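Welcome, and please open your viewer. We will go from one selection to the next, with a short note on what to look for at each stop.

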Amino acid sequence: MSFDPKALRAEFPLLMLAQPPLHYLDNAATSQIHRSALKAMSDHDMFQRANIMRGTHRLAEAATAAYEDARARAAHFLNAATPDEVVFTSGATAALNLVAHSFGDTLRPGDEVMLSLAEHHSNLVPWQLLRERRGIVLRFLPLTADGRIDLAALADMLTPRCRLIALTHCSNVTGAITDVATVVAAAHGVGARVLLDGAQQVQHGPVDVQGLDIDFYAFSGHKCYGPNGIGVLWARGEVLAAMPPFLGGGGMVGEVTPEGSTFARPPQRFEAGTPAIAQAVGLGAVLAWLSMLPWRAIRAHENELLRRLLAGLRGRSDIRILGPVDLDARQPVVSFDIAGLHPHDVCQVLDRHGVALRGGHHCAQPLIRHFGLDGANRASIAMYTTQADIDALLDGLNDVVAVLR
Ligand code: PMP
């Protein structure tokens with residue numbers, strides 16, 4: 001399959017319909033939705049809408065089959081051993097909370113969970129809450145000067161009490177990709193499980209959870225060209241099977257009596273209540289589409305734009321880029337500070353140029369503080385981003401300085 005950025009952009013209705021044209025560079029917060037997801041969702045609700053699992057009429061059977069097909073597509077995208085390892089959640093945050101509650105319930109006081117100072121709050125606060133509930137110990141891997149997770153510290157910080165290393169696969173602030181092989185080797189040395197927060201990775205191509213040899217993977221649909229309100233927790237089958245339920249309700253039980261209940265096998269054990277059925281179907285459609293794309297060409301396109309953006313920002317003495325400035329092991333997410341200018345003001349002025357940027361702490365306060373800041377501007381590139389988008393940002397920055405200084 002060849003890759004034509006212009007033709008591909010036309011598959012994202014909002015970008016085509018936006019008037020005046022929009023330079024959307026807030027993809028790390030939410031990417032635009034691909035037409036395959038929109039069509040799958042509207043088809044589902046027009047022709048197959050019913051509750052799943054419990055019905056025996058034809059519509060319920062069609063809806064159940066579509067939902068399970070979406071699970072299989074997610075499993076294929078992640079190269080999971082079986083679809084039963086895929087749990088649908090409302091998003092990455094819910095997936096991470098599920099692990100912190102359910103896997104967390106198997107931990108004992110004094111057991112350790114290793115995080116890093118680069119984590120999104122979604123992979124930090126649930127573990128702090130678990131610390132309150134169960135008396136576990138949290139350890140935080142430090143950061144290198146350029147804001148990468150400092151894996152050189154891992155050997156000294158790991159103890160036999162470590163049960164889990166939970167890290168971001170890719171930082172939502174710096175774009176830095178974590179060296180998973182080093183983490184997994186260290187974790188295996190002490191019998192710890194490995195969780196990756198893939199919220200910022202999956203929009204840049206399929207993931208091979210078996211090849212990575214990890215135990216948990218979490219991501220959200222709305223950041224990978226799919227619907228919002230839906231996400232995935234993947235967990236290794238044997239790990240998932242040993243986890244107690246988190247939420248209770250319909251669909252996750254076997255036998256229920258006033259005295260107690262037995263629980264369904266995974267993944268149903270972790271999907272209490274009516275799930276976001278149409279959204280799951282939409283996510284399945286977009287993951288099937290993503291699984292077929294020519295990723296080498298897309299990466300080359302994204303990297304070319306990243307190079308242009310980094311060069312444009314580096315050419316300005318008042319701008320400081322947070323994180324790695326080379327193209328090695330990073331995704332096209334770039335946060336930067338403009339000396340003396342508040343990110344919210346910067347984003348407001350850029351909006352007048354039709355440039356959508358994000359400013360703030362990006363739900364990663366420890367990482368932002370590492371750079372001595374309260375907030376930063378962030379531009380994030382997607383497969384449909386064009387040179388014109390990058391140039392509109394770089395031009396807009398001249399105006400930002402003229403207006404705000
Ligand atoms: N982890 C990372 C690295 C993220 O960037 C985000 C979203 N900003 C999340 C987790 C949480 O995702 P969601 O809000 O979709 O649950």
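Start by selecting C347, which counts as buried at 14% relative accessibility; here buried means under 20% relative accessible area, exposed means over 50%, and partly exposed lies in between, with a 1.4 Å probe and protein chains only. Before moving on, note that this is a predicted model, in which local features need pLDDT of at least 70 and side-chain atom pairs count only at pLDDT 80 or more, while totals for chains, interfaces and linings use all residues. Residues are numbered from 1 along each chain as its sequence is written, and side-chain values use heavy atoms, with hydrogens and water left out.

**The cysteines**

Stay on C347 and add C363 to the selection. The sulfur of C363 is the closest cysteine sulfur to that of C347, yet at 14 Å it is too far for a bond. A disulfide is a covalent bond between the sulfur atoms of two cysteines. The cut-off used here is a pair of cysteine sulfur atoms within 2.5 Å.

Now select C224 and C170. Is C224 buried or exposed? C224 is buried, at 0% relative accessibility. Its closest cysteine sulfur belongs to C170, 13 Å away, which is again too far for a bond. The disulfide count for the model comes to 0.

**Helix 11 and a residue inside it**

Next, colour helix 11, residues 277–292. Helices are DSSP runs of H or I with at least four residues, strands are runs of E with at least two, and both are numbered from the N terminus. Helix 11 has 16 residues and reaches 23 Å from its first C-alpha to its last, close to the 22 Å expected at 1.5 Å a residue; the expected span is 1.5 Å times one less than the number of residues. Helix 11 is mostly covered, with 12 of its 16 residues buried. Among them are I277, L283, W289 and L290.

Zoom in on L287, which lies in helix 11 and is buried, with a relative accessible area of 0%. Which residues does L287 touch, not counting those up to four places away in sequence? They are R73, A74, F77, F219 and C224, the last being the cysteine you have just visited; contact means heavy atoms within 4.5 Å. For a distance to try yourself, draw a line from L287 to K6: they are 281 residues apart in sequence and 21 Å apart in space, C-alpha to C-alpha.

**Where helix 3 meets helix 11**

Keep helix 11 on display and add helix 3, residues 35–48. The two pack at an angle of about 145°, with their axes 8 Å apart. Axes are lines fitted to C-alpha atoms, for helices over the stretch in contact, and angles run from 0 to 180 degrees between N-to-C directions. The crossing of helix 3 and helix 11 is right-handed; a crossing has that hand if the near helix is turned clockwise from the far one by less than a right angle, and is left-handed if anticlockwise.

To see the contact itself, show S36, A37, A40, M41, H44 and D45 of helix 3 with I277, A278, Q279, V281, G282, A285, V286 and W289 of helix 11. These residues divide into 9 nonpolar, 4 polar and 1 charged. Ala, Val, Leu, Ile, Met, Phe, Trp, Tyr, Cys and Pro count as nonpolar, Asp, Glu, Lys and Arg as charged, and the others, Gly among them, as polar.

**Backbone details in the loops**

Most residues other than glycine have a negative phi, and most peptide bonds are trans. Here are some places to check against that.

- Q19 and P20 are joined by a cis peptide bond, with omega about -5°; P20 is in the loop between helix 2 (13–17) and strand 1 (23–24).
- P266 to P267 is also a cis peptide bond, with omega near 5°, and P267 is in the loop between strand 10 (260–263) and helix 11.
- D213 has a positive phi near 65° and is partly exposed, at 31%.
- Y225 has a positive phi of about 70°, but is buried, at 1%.

**Last stop**

Finish at D351 in helix 13 (residues 343–352). D351 is exposed, with a relative accessible area of 54%. Its C-alpha is separated by 9.1 Å from that of H23, although their positions lie 328 residues apart along the chain.
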